[in-house]
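Subject: Structure handover

Hi,

Here is the structure for you to load. My notes follow below it.

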Amino acid sequence: MEKKVVLITGCSSGIGLSLAVRLASDPDKTFKVYATMRNLAKKERLIECVKSLHKDTLDILQMDVTSWQSILDARDRIVEKRVDILVCNAGVGLMGPLEVQSLDSMRQILEVNLFGTIQTIQAFLPGMKVRGQGHILVTGSTGGLQGLPFNEVYCASKFAIEGACESLAILLQHFNIHVSLVECGPVNTDFLVNLQKAELGDTSLQQVDDLTLNLYGKYLQHCGSVFQNAAQDTEDIVKVFLEAIQSPSPAFRYFTSGDVPPLTKLKATEPGGSRYISALSKTMFSSEEQ
Ligand SMILES: NC(=O)c1ccc[n+]([C@@H]2O[C@H](COP(=O)([O-])OP(=O)(O)OC[C@H]3O[C@@H](n4cnc5c(N)ncnc54)[C@H](OP(=O)(O)O)[C@@H]3O)[C@@H](O)[C@H]2O)c1
């Protein structure tokens with residue numbers, strides 16, 4: 001049977017790497033995986049994980065989602081000249097009080113998370129439309145469904161992706177092309193290491209008022225305990241991707257921890273939003289939570 005051609009962005013680590021390894025190691029060799037990363041110097045980790053057993057199911061390509069030329073070059077190197085399953089996974093975070101974020105840092109987040117995702121889709125969508133089939137999966141975040149203090153720009157990028165995907169999904173039904181968001185909570189990856197984060201002692205925070213700094217300290221503790229107690233492993237996330245990929249009629253949204261986060265439900269049922277915002281604040285800042 002003809003292999004399904006899968007292209008994944010951001011495969012140097014984390015979710016992208018685990019998904020590439022799982023699909024390329026499929027016992028039935030169902031997939032031909034193009035694992036892409038912006039820096040090929042980081043490919044050893046992926047190669048080590050697949051132990052070079054998968055020459056016919058895995059190819060590693062350079063692709064920086066912020067460079068249109070790099071996306072086109074990667075597309076040109078796909079032997080099958082088609083992508084059946086596109087996984088837009090590359091993403092970066094930015095954490096700290098909003099008033100200290102430089103325009104360059106904020107742009108960088110939107111360049112990768114929003115425009116990078118959209119440009120990648122733009123490059124592969126015309127081929128899917130011509131063939132009248134395809135599946136676009138995007139690594140979403142609960143930070144794209146509910147706000148997180150000190151993550152305003154990250155959340156803005158992930159909320160924006162929700163809107164872009166929802167809008168596309170409506171249209172692409174007419175082309176037999178599925179769009180799915182895999183909504184992740186905290187996951188044990190390099191994300192927190194790669195995150196641009198203001199540290200409490202940073203000189204950039206000297207201009208910030210005491211209440212904000214106090215709340216930032218509480219938030220960092222909350223975040224630490226959430227990652228320690230509730231973070232999922234990439235294998236858990238990969239299972240959900242597989243469910244979406246293997247479904248004959250994929251859903252638009254998948255929640256990796258099984259259910260809609262409770263506060264997202266409150267948001268949907270309380271349009272005014274005051275109780276919802278208070279509940280979020282209590283969850284993230286109350287000392288009992290830490
Ligand atoms: N981990 C979490 O808690 C969590 C929660 C919700 C959603 N997510 C989402 O999950 C996705 C994957 O993140 P992860 O957790 O697996 O973190 P990760 O280990 O840091 O992986 C992020 C990947 O994105 C790549 N990337 C960054 N900028 C890129 C660019 N310009 N072009 C191509 N690739 C680029 C990174 O490459 P480099 O190695 O070159 O930097 C890396 O391969 C992200 O979209 C993130 O927002 C993560």
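Where does UniProt place the feature "binding site"? The unreviewed entry puts it at Ser141. Please keep in mind that this is a predicted model.

**Ser141**

Serine 141 sits in strand E6. It counts as buried because it has 28 C-beta neighbours inside 10 Å, and 20 or more is the cut-off. Leaving out residues up to four places away in sequence, serine 141 touches Lys158, Glu183 and Cys184.

**Tyr154**

The "active site" annotation in UniProt, again from an unreviewed entry, covers Tyr154. Tyrosine 154 belongs to helix H5, residues 152-172. Is tyrosine 154 buried or exposed? It is buried, because 24 other C-beta atoms lie within 10 Å. Its contacts are Gly93, Leu94, Ile109 and Gly143, again not counting residues up to four places away in sequence.

**The ligand**

How many residues surround the ligand? There are 29. The closest are Gly10, Gly14, Ala90, Gly91 and Thr189. Four elements give two or more residues to this shell: helix H1 (14-24), helix H4 (103-131), strand E6 (134-141) and helix H6 (191-194). H1 gives the most, with three residues. By type, the shell splits into 15 polar, 10 nonpolar and four charged residues. Strand E6 is thus one of the shell elements, and serine 141 lies in strand E6.

**Nonpolar cores**

The largest nonpolar core has 46 residues. Ala20 and Val33 have the most contacts inside it. H1 gives the most to this core, with seven residues. A second, separate core has 15 residues, including Met63, Ala74, Ile109 and Val112. Ile109 also appears among the contacts of tyrosine 154.

Back to Val33 in the largest core. Which residues does valine 33 touch, not counting those up to four places away in sequence? They are Val6, Ile8, Ala20, Leu23, Ala24, Thr57 and Leu58. Ala20 is on that list, so the two residues with the most contacts inside the core touch each other.

**Val83**

Valine 83 is in the loop between helix H3 (68-76) and strand E4 (85-88). Why does valine 83 count as buried? Because it has 24 C-beta neighbours inside 10 Å. Leaving aside neighbours within four places in sequence, valine 83 is in contact with Val5, Leu7, Ile78, Phe124 and Gly127. Valine 83 and tyrosine 34 are 49 residues apart in sequence, yet 9.2 Å apart in space, C-alpha to C-alpha.

**The whole chain**

The protein chain has 10 helices and nine strands. Its C-alpha atoms fill a box of roughly 60 × 40 × 35 Å along the principal axes. For 290 residues, a compact globule would have a radius of gyration near 19 Å. The protein chain has 20 Å, which agrees. Of the 290 residues, 34% count as buried. Among contacts with a separation of 6 or more, 76% join residues 24 or more positions apart.

Best wishes

Technical notes
Residues numbered from 1 in each chain as written. Predicted model: local features only at pLDDT ≥ 70, side-chain atom pairs only at ≥ 80, totals over all residues. Near = placed C-beta within 6 Å. Nonpolar A, V, L, I, M, F, W, Y, C, P; charged D, E, K, R; others polar. UniProt positions renumbered as here; feature names shortened; annotations may be inferred. Buried ≥ 20, exposed ≤ 12 C-beta atoms within 10 Å, placed from the backbone. Contact = placed C-beta atoms within 7 Å. Core = buried A, V, L, I, M, F, W, Y, C linked by C-beta atoms within 7 Å. Rg over C-alpha atoms; globule rule 2.2 N^0.38 Å.
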